[in-house]
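Visitor: I am new to protein models, and I would like to understand how the words used to describe them are justified. Could you take me through this one, setting each value against its definition?

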Amino acid sequence: MSFAQEQQQVIHKNTSFLSDPLLQLPTKTTVNVVWFTEFQGDRHLVKYGSQLEQIAIATTTKLSRVREDRDSQISNPPAKSQRDIWRHEAVVTNLSPGARVPYQVVSNQEEQVYNSDVFTLAGMPAPQTPLKILLTSDHQVMPMVAANLEQVAKIGRMDAVFFAGDLVNIPDRASEWFDDRRGGAFFPSLQGKANYQLEHNGITTTYHGGEIIQHAPLFTAIGNHEVMGKVSANRSLKQEFAQPQPRQVAKAQLEGSNMKRSNSLTAAEWIKNNSFNTDTYEEIFTLPQSDSGGKKYYATTFGEIRLISLYVTNVWRSPSLEADAQGRYKESEDSLDRPQDWGYGQHIFEAIAKGSPQYEWLKQELSSQAYQQAKYKIVMFHHPPHTLGGNIVPPYSDPQPQESYSEDGKLTSRYYDYPLQDDYIIRDLIPLLESAGVGLVYYGHSHLWNRFQSASGMHFLESSNVGNSYGAHLGDNKREIPPYSPQNFAPIGNPNGLQPIVPSLAPLSDRLGQPLPYIASNEITVFSIFDTATGKVSSYRYDLRQSDTPAIMFDQFKLQSN
């Protein structure tokens, strides 16, 4: 069938796309366009140009691990089963530097043709182009995400999104990416197609998110919610997600000959299935790649920014010390005789310690010409180096097991210590970034807003308050910490020395009228925008209790430039 014949058919608009298009991997003359459907289709393409006269044919792949289960927020959720979703990607070529071009995606299924709306795209911005970059993280289908992004869109068009991890809650649950019935799935929220309702004082407001990533490329970092745990036919998706094990544990299990693997699996595949994986995250996104880390950690130039995205995260486990808790500090008492069910504490997914492949790659990147010549140098990862939030405890080190046995040799307890002196972020990573003149370290994970600055002038920003905040740990709001090794676990404050900075423009105040150095709220949402024209990072807060009042800029600071 010719393209002209296709255009003569009845057009079905926006009825069978699982997502609007998103932009990925811009270069000087190209950009990748990605979208998703629940049908494989016959032909998928991008039309672009001033009259949509040019065509780029898409390549189609099927997501291999996305599923739904009884806990999925969809109509008639099934028992745990595969969900068929196809990903389409076309490379738009021959772009002129700085030129923004209309485009539209088209999917064909037998006699049906589906067209998206018309959006705009551009390749890599030229140096000195003024850019606005959205800094966001920890969406996780949280209540305030759609409201947050709707306010972002009101500020103006973003030129890129830097996302510091935790995109969804359970990464293999397809509906959290596309069509969660609560109305705030990942792609709809970032594409202005959300439908999330929030009520306050009897007034219900519906938020639609913002039309952002149809026009602006998305750059992400891996958080703990991009990582699935051990594959299991019997456990729910939430249980799979919550049960990762260290690679070396799975490897030891396989080598112990008590475990059998299917002949269809290589040893590496078996180990991955019995430890953890980021397959769905890597299948969904086309990102810059590094030789040693692939999509997991990378560096790229965007305009005058050199962005380095690192894989710095560990599994989240409960701080509870109750007997039945499998947590960051201990194994549950009822699993002590079943090592295959242990959680192994808050183990780290990818090493960042000095000498690790990621650390050595980073050293090379920081000495590269692309990094040295960049005006602005930003490093993004998920786990906080400085925060008032709860997730900075314990230290970012490998769990050290402490076991006790009864006289007959039975294991009676297994606790984990985390030596403060071995915090790899503070001991190894931050000094390397300081010595290289990084201007901003951006991260998330604790679901609040706070910022810090080191003596060298390097800025630290956490801007992850989108609807599930556990507060800031100051005063009486103490972190739950174990009684052993108290020197390793800080109940309040930032354990790593820097003091939080009070917002420079319009801080919130406590009951005594004292300005607060943070925002940690389930009624006020926060986002931050970096403007390369001024070098300033501006943070905004939006109070959902006053839905007719626009977002307020409450903090601003300026980055060092080269």
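Visitor: How many salt bridges does a search of the whole structure find?

Guide: The search finds 28 salt bridges. Before we look at some of them, please note that this is a predicted model, in which local features need pLDDT of at least 70 and side-chain atom pairs count only at pLDDT 80 or more, while totals for chains, interfaces and linings use all residues. Residues are numbered from 1 along each chain as its sequence is written, and side-chain values use heavy atoms, with hydrogens and water left out.

Visitor: What makes the pair D531 and K132 a salt bridge?

Guide: The term asks for a side-chain nitrogen of Lys or Arg within 4 Å of a carboxyl oxygen of Asp or Glu. For D531 and K132 the distance from N to O is 3.8 Å, which is within that limit, so the pair is called a salt bridge. In general, side chains of opposite charge can pair when their charged atoms come close.

Visitor: Where along the chain do D531 and K132 lie?

Guide: D531 belongs to strand β26 (residues 524–531) and K132 to strand β13 (residues 132–136), so that the salt bridge links parts of the chain 399 residues apart. The names of such elements come from DSSP runs, numbered from the N terminus, where a helix is a run of H or I with at least four residues and a strand is a run of E with at least two.

Visitor: Why is D531 called buried, and why is K132 called partly exposed?

Guide: Buried means under 20% relative accessible area, exposed means over 50%, and partly exposed is in between, using a 1.4 Å probe and protein chains only. D531 has 17% relative accessibility and therefore counts as buried, whereas K132, at 33%, counts as partly exposed.

Visitor: How do you know that K272 and D279 form a salt bridge?

Guide: Their side chains meet with an N to O distance of 2.8 Å, and this value satisfies the definition, so the name applies. K272 has 24% relative accessibility and counts as partly exposed, while D279, with 15%, is buried.

Visitor: What makes R338 and D341 a salt bridge?

Guide: The closest N and O atoms of R338 and D341 are 2.8 Å apart, so the criterion is met here as well. R338 is partly exposed because its relative accessibility is 31%, and D341 is buried because its value is 19%.

Visitor: Which residues are linked in a network of salt bridges?

Guide: The network links E38, E68, R83 and D179.

Visitor: What makes the phi of N76 worth a remark?

Guide: Most residues other than glycine have a negative phi, and most peptide bonds are trans. N76 is not a glycine, yet its phi is positive, about 50°. This residue sits in the loop between β7 (67–68) and β8 (81–82), and it counts as exposed because its relative accessibility is 73%.

Visitor: Why is D166 called buried?

Guide: Its relative accessible area is 1%, and so D166 is buried. D166 also has a positive phi, near 60°, in a residue other than glycine, and its place is in the loop between β14 (160–163) and α3 (174–178).

Visitor: Where is the cis peptide bond that joins V393 and P394?

Guide: P394 is in the loop between β20 (376–380) and β21 (400–405), and the cis bond from V393 to P394 has an omega of about 5°.

Visitor: How do you know that β20 and β23 pair?

Guide: Two strands pair if DSSP finds at least two bridges between them. Three bridges join β20 to β23 (residues 440–443), and the two strands run parallel, so the requirement is fulfilled. One of these bridges has V379 and V441 as partners.

Visitor: Why is L362 called buried, and which residues does L362 touch?

Guide: L362, which lies in helix α9, has a relative accessible area of 0% and is therefore buried. Contact means heavy atoms within 4.5 Å, and, not counting residues up to four places away in sequence, L362 touches I308, L310, L429, L432 and L433.
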